[in-house]
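Reader: Hello! I have a model open on my screen and would like to walk through it with you.

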Amino acid sequence: MAVNLVIGQIVAALLLPVFLDAVGTILVAALVGPRAAIAAGLVSQILNAVLSGNFSWLPFGIVQIVIALYAASVARLGAFKRYETAVPAGLGLGLLAGATAAPISYFVFGGVTGGGVTAVTAVLRGLGVPLPVAVAGASMGTDLLDKTISCVLVAAILRSLPEQLAARFPALAR
Amino acid sequence: MTFGVRLERVRAGYGQGDVLHDVSLDVAAGESLALLGANGAGKTTLARLLIGLVRPSAGRVTVGDWDVSGRRPDELARRVGYVFQHADHQLFARTVRDDVAFGPRCLGLPGDGVAAALEELGLSRVAGAHPYDLPAPARKLVTLAGVLAMGAGVLVLDEPTAGFDHESRELVVAALRRRIESGVTAVVVSHDLAFVAEAAERIVVMREGAIATDRRARDMLRDEDALHALGLGPPPAAALGLRLALSGSPVRIAECVAALRGARWTAPAV
Amino acid sequence: MIGYAAGRSPLHRAHPYTPLAAASAVLLLAFAVSTPGAVGVVVLAAVALALLGDATGAIVRPMLVLVLPTWALLLVLHGILGGDPHLVLGPVTLSEPGVRRALVLGGRVTAIVIAFLTALATVSPPRLVEAMTARGVPFGRIFLLVSSLTLVPRMRARAVQILDAQQSRGLRIGGSAAARVRALVPLVLPLVLGALAEVEEQVLALDARGAASGARRTALDPPRDTLGERLVRMALIMAVLMAYAAKFMGRGA
Ligand SMILES: Nc1ncnc2c1ncn2[C@@H]1O[C@H](COP(=O)(O)OP(=O)(O)O)[C@@H](O)[C@H]1O
Ligand SMILES: [Mg+2]
């Protein structure tokens, strides 16, 4: 779960407009299973809020649950074994996560979530796009990119896991 | 290609105040220098200047004809090979061989140095193993091989032998000596004086962000008072040479052996 | 700094659950109310908590760093870009519903940030562990919570080291978007592999200490919990329940 929190630092150094805050959740889903992934996702969301002090992120825990369930089921189908299957899995996850996050973004916070999404929202809004549409559009575009990269990274991590370590995770054997 | 390294009246730090105060240092191409000094004296900071991870706030740092300011670390990597103190955090490839090949690949080098570097550090046997399945000292050797494979003209090693057994240290000494003989410039930060004795010709002692001492390694390593002031003592070969008053002021094992072979053996009176 | 700041205030001396309960109550109350006035009351409650914990000095800097950008964004997004009617204030025109909305959202964030920074500053982690142990929380779960909390700062330091190390091996941080995405692999992989290896070590250490045996451990020096504090926590729960009941019955503030 610490992975979710620290990857942001690398992303910031690379100046990429994504969060990749779900890599840890997806990874745990593939390594251990859905229940552990939900726990990791929720705990990291709470820790993220506590450590960064940005409590407006808390309700996005719901998104982490959706991510955990989805990732665990596509992992069972072997989606993270190859890059060719990780990409569509990531696009699917992006759609799903975006669809979950947009209403939260809008109803709970009126569109302010911080980071890239907010900037995109503000630009769209300045162009005269109605707020709900702007929030949904910004959130969806970012999510597609974000979750696709996340899934490919998880595939890369699983490929380079040392055998000794991999043997400790029964979910991988499936 | 080989390059000298020069610091001219350099100040540097991490934002709040300078860590290095007005440091000037000239290391000739092909010279080997050891940096000594207490924790926090600024050795690592000086070393990081050379790869562009710390920027001088005043003064100039040059590697050959390159001024390091205005060059990114990944550009400087063509001339400066840097081994970090906690280097094993950087390993990520599936095999030792792939990880060692990462640096050369980033620089667009042919990669023929990879097998040689593995061989030199005794890693050929484990080249196909996963780096994380190796014990910590072996992982550190992998990171060293990764830098040797990049074939830089300047090597900067921060505590390269910390936690090493005798055999691993010998491998590092041999590899480093081979580079130095072929003209590579070496800057090593180390408290391991047995290693320093074998690898360095010159010793610079840092204290509170400034250069306190700059001497021939042979003189410094036989100066018990100066070493005691740093909480250190002469390395074994130098200590033996001093106790037995051997000729030729040996500080390396091989020199000590040669001096003992040449010395007339007089049995101590019982 | 964010984190524990030693002190002798009532919150420092209280049972660790009490400041945490108070901060959680502020969080829940902040979302239960939706008018600027009511949110203002919650902010005042959070400030009172900080004063009680003698934590204002410790939290003011992180609080401003976290809260000011939020306010700036909210005022731009809602105050300036919001809907009619608009108010003209000298050179700027502000949307009236937008400003109200910004006040509510910004007030919520401010109250929550103050409350949690106060809780973090006044609850000492070792005392929290003792308290959880005394309540019979399984040792394994406490250990994982604490170790993941300490893992985060270590991983942050390691992320910096990895960035430095891979650049020194010739990895370019920057360039085209595709190159930057590709650079993620040599940066993220060592971080994750290192973290997994470390977690594995911790789990092994945990097994070695018999954490799986399920035996209940005895806290050495559990923090005292008084009847008064229990009542305070009950009152907080009641207040939260009442606020949500009012909200959902349509009479919320
Ligand atoms: N990343 C950093 N940020 C702030 N200060 C640092 C950092 N790294 C080192 N320092 C400070 O710089 C000084 C010199 O450190 P360093 O160069 O690492 O010394 P040495 O390698 O000789 O032990 C120390 O006082 C240390 O606290
Ligand atoms: Mg150092």
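Reader: How many residues does the contact take from chain B and from chain C?

Author: Happy to help! This is a predicted model, in which local features need pLDDT of at least 70 and side-chain atom pairs count only at pLDDT 80 or more, while totals for chains, interfaces and linings use all residues. Residues are numbered from 1 along each chain as its sequence is written, chains are lettered from A and ligands numbered from 1 in the order in which they are written, and side-chain values use heavy atoms, with hydrogens and water left out. Contact here means heavy atoms within 4.5 Å. On that basis, the contact takes 21 residues from chain B and 19 residues from chain C.

Reader: Which residues of chain B lose the most area to chain C?

Author: Buried area is the accessible area (1.4 Å probe) that two parts lose on being put together, summed over both. Between chain B and chain C this is about 1800 Å², with 60% given by carbon and sulfur atoms. Three residues together make up 33% of what the chain B side buries, and they are B:His89, B:Gln90 and B:Phe92.

Reader: Which residues supply 53% of the area that domain 1 of chain B buries against domain 3 of chain B?

Author: An automatic or database domain assignment sets the bounds, and in chain B domain 1 is 1–74 + 152–167 + 186–231, while domain 3 is 234–264. The C-alpha centres of these two domains lie 27 Å apart. About 1100 Å² is buried between domain 1 of chain B and domain 3 of chain B. The 53% on the domain 1 side, more than any other three residues supply, comes from B:Glu198, B:Arg218 and B:Arg222.

Reader: Which helix gives the largest share of the shell around ligand 1?

Author: The shell takes in residues with a heavy atom within 4 Å of the ligand, among them B:Tyr14, B:Gly42, B:Lys43 and B:Thr44. Side-chain N or O atoms lie 2.8 Å from a ligand oxygen atom for B:Lys43 and 2.7 Å for B:Thr44. Helices are DSSP runs (H or I, at least four residues), numbered from the N terminus. Three shell residues, the largest share, come from residues 43–50 of chain B, helix α1.

Reader: Which residues does A:Tyr70 touch, not counting residues up to four places away in sequence?

Author: A:Tyr70 sits in helix α4 (residues 61–76) of chain A. A:Ile26 is 44 residues from A:Tyr70 in sequence, yet their C-alpha atoms are 8.7 Å apart. With those sequence neighbours left out, A:Tyr70 touches A:Pro88, A:Ala89, A:Gly92, A:Leu93 and A:Leu96.

Note on methods:
Polar contact = N/O pair within 3.5 Å; in protein donor to acceptor, adjacent residues only side chain to side chain. Helix = DSSP H or I, 4+ residues; strand = E, 2+ residues; numbered from the N terminus.
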